[in-house]
Amino acid sequence: MKIEINLTERAFVVIDGVPQRYLTPGVHRVFAPFSRVKVETLNVSGLLAELDERRLALVPQGDLTVLTLADHERALVRRRGRPVHWLGAGVHQVWTVERLIDRRTAAVQELVTVEVFDTSGVEAAPLPPDVAALAKGRDYVEVLVPAGSVALRWVDGALDQVLPPGRAAAWSTRRTVQFTTIELKERQLHVTGQEVMTKDRVTLRLNVSASFRVADPRRLALVARAPDDVVYLAMQLAARDAITIKTLDELLLARDELAQEMAPAVRARAEAVGLELIELGVKDVVLPGDMKELLNKVIEAQKQAEANVILRREETNATRSLAQTAKLLADNPLLLKLKELEAYAELAGKVGQVHVVMGQGGLPTLQLAATK
């Protein structure tokens with residue numbers, strides 16, 4: 001029997017049901033005239049094999065690698081430097097028949113390599129992307145933490161470690177490992193339209209804003225399910241406590257101090273869930289429509305009264321000045337004459353033409369006066 005084996009194939013010659021020979025690429029002849037001969041051809045390009053003990057005993061050691069991986073071990077199979085298989089716990093057979101031989105030096109380079117990983121611990125160095133693509137989801141987890149954030153590593157449901165920005169990885173072959181990411185950047189929280197009643201039973205609405213940042217990622221992850229909701233409620237309660245003890249007039253006079261009174265309670269509640277209060281401010285105090293109109297009338301009346309006071313004061317000063325001037329002119333006739341001349345001069349400067357109206361006989365008198 002003539003048998004041809006290609007480069008990507010290997011074969012076993014089975015005589016009377018028993019594997020007898022292992023055939024490598026080339027042309028082979030088998031002579032067994034009184035027996036049943038069968039040729040089993042295998043494609044080795046897939047690299048993985050499943051041979052029984054009899055056939056395995058016929059394969060040379062260099063052509064096939066047998067791996068026995070424990071529960072905490074994993075293996076990576078590479079072909080020509082590229083990862084092709086990620087192997088889990090158990091027994092694996094890997095064809096390693098692909099080789100490159102240097103004709104000048106006769107040096108042999110193995111083109112199929114196997115690398116074994118110890119995954120008994122949680123800590124893992126990040127795998128190259130092509131390798132991670134094979135291992136992810138089964139034995140390996142990783143996270144990319146952006147700048148301004150941290151990652152929390154959970155092992156079997158318990159918080160294990162806080163990791164800085166960068167690429168972090170972990171083995172999950174023996175324990176359940178998960179990553180969550182928390183942003184440390186400043187965040188804003190707004191309470192809009194919060195209705196509160198003052199001490200004198202005036203209902204108004206507040207718009208309060210606050211800035212926070214994460215101070216303790218562990219506490220943030222463990223203490224509260226929704227930290228923003230906790231701080232939001234604290235802002236509402238602080239606004240109510242600060243306003244219900246004040247009348248409307250007191251509130252309007254001390255509006256800038258309102259945020260300072262609210263800040264301690266909000267800060268304490270924020271710290272309890274791992275946040276730090278940066279700034280708290282009251283943006284707007286919105287009065288009801290009728291109350292706003294009434295307040296505008298009060299302000300208008302106050303401004304009108306102030307204007308009247310100023311007007312009366314100026315009138316009094318002007319009258320006093322006129323009285324003093326009249327007394328001075330009465331005591332000094334020459335000064336009075338000078339004031340008259342000033343008045344005439346000012347009047348003459350404003351007059352463009354002078355019209356003289358005379359009765360009968362007035363013209364001769366005017367001519368006589370002009371001649372003199």
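This section describes the overall make-up of a predicted model and then the packing of its sheets, helices and selected residues.

The protein comprises nine helices and 22 strands. Of its 372 residues, 31% are buried. Among contacts between residues at least 6 apart in sequence, 65% join residues at least 24 apart.

Strands β20, β21 and β22 form an open sheet in the order β20-β21-β22, with antiparallel pairing. Strands β20 and β22 occupy the edges, and each has a single partner strand, so one side of each is left without a neighbour in the sheet. From one strand to the next, the twist averages 20°. Strand β20 spans residues 187–197 and strand β21 spans residues 203–214; the two are joined in the antiparallel sense by nine bridges. Within this pairing, Q194 has L206 of β21 as its bridge partner. The hairpin of β20 and β21 has five residues between the strands, and R201 in this hairpin adopts a positive phi near 65°. On the other side of the pairing scheme, β21 and β22 are linked in the antiparallel sense over 10 bridges, and A210 stands opposite L280 in β22.

Two helices lie across this sheet. Helix α4 lies across β20, β21 and β22 and runs at about 35° to β20. Helix α6 lies across β21 and β22, running at about 145° to β22.

Helix α4 covers residues 227–243, a total of 17 residues. The distance from its first C-alpha to its last is 25 Å, close to the 24 Å expected at 1.5 Å a residue. The buried residues of α4 are P227, V231, A234, M235, A238, A239, A242 and I243. When α4 is viewed down its axis, these buried residues fall within an arc of 145°, so they line one face of the helix. An α-helix has 3.6 residues a turn, so residues three or four places apart point the same way. The elements against which the buried residues of α4 pack are β20, β21, α3 (217–223), α5 (248–253), α6 (255–272) and β22 (275–286).

The packing of two helices is described by the angle between their axes and the distance between the axes. For α4 and α6, the angle is about 145° and the axes are 9 Å apart. The crossing of these two helices is right-handed. On the α4 side, the contact is made by V230, V231, A234, M235, A238, A239, A242 and I243. The α6 side contributes L258, E261, M262, A265, V266, R269 and A270.

A further open sheet of three strands has the order β17-β16-β19, again with antiparallel pairing. Its edge strands are β17 (158–163) and β19 (177–183), each of which pairs on one side only. The twist in this sheet averages 25° from one strand to the next. Strand β16, residues 149–155, pairs with β19 in the antiparallel sense over seven bridges. In β19, Q178 is the bridge partner of W154.

Two individual residues were also examined, A169 and V84. Residue A169 lies in strand β18, residues 166–171. With a relative accessible area of 5%, A169 is buried, the cut-off for this class being under 20%. Excluding residues up to four places away in sequence, A169 touches V122, A124, A125, P126, Y140, V141, E142 and F179. The C-alpha atoms of A169 and L127 are separated by 8.0 Å, although the two residues are 42 residues apart along the chain.

Residue V84 is placed in strand β9, residues 82–87. Its relative accessibility of 30% makes V84 partly exposed, a class that lies between the cut-offs of 20% and 50%. Apart from neighbours within four places in sequence, V84 is in contact with L47, V77, R78, R79 and L134. Of these contacts, L47 is 37 residues from V84 in sequence, and the C-alpha atoms of the pair are 9.0 Å apart in space.

How values were computed: Residues numbered from 1 in each chain as written. Predicted model: local features only at pLDDT ≥ 70, side-chain atom pairs only at ≥ 80, totals over all residues. Heavy atoms only, no water. Pairing = 2+ DSSP bridges. Helix = DSSP H or I, 4+ residues; strand = E, 2+ residues; numbered from the N terminus. Expected span 1.5 Å × (residues − 1). Buried < 20%, exposed > 50% of the residue type's maximum accessible area, 1.4 Å probe, protein only. Arc of directions from axis to C-beta. Contact = heavy atoms within 4.5 Å. Axes fitted to C-alpha atoms, helices over the stretch in contact; angles between N-to-C directions. Left-handed = near helix turned anticlockwise from the far one by under 90°.
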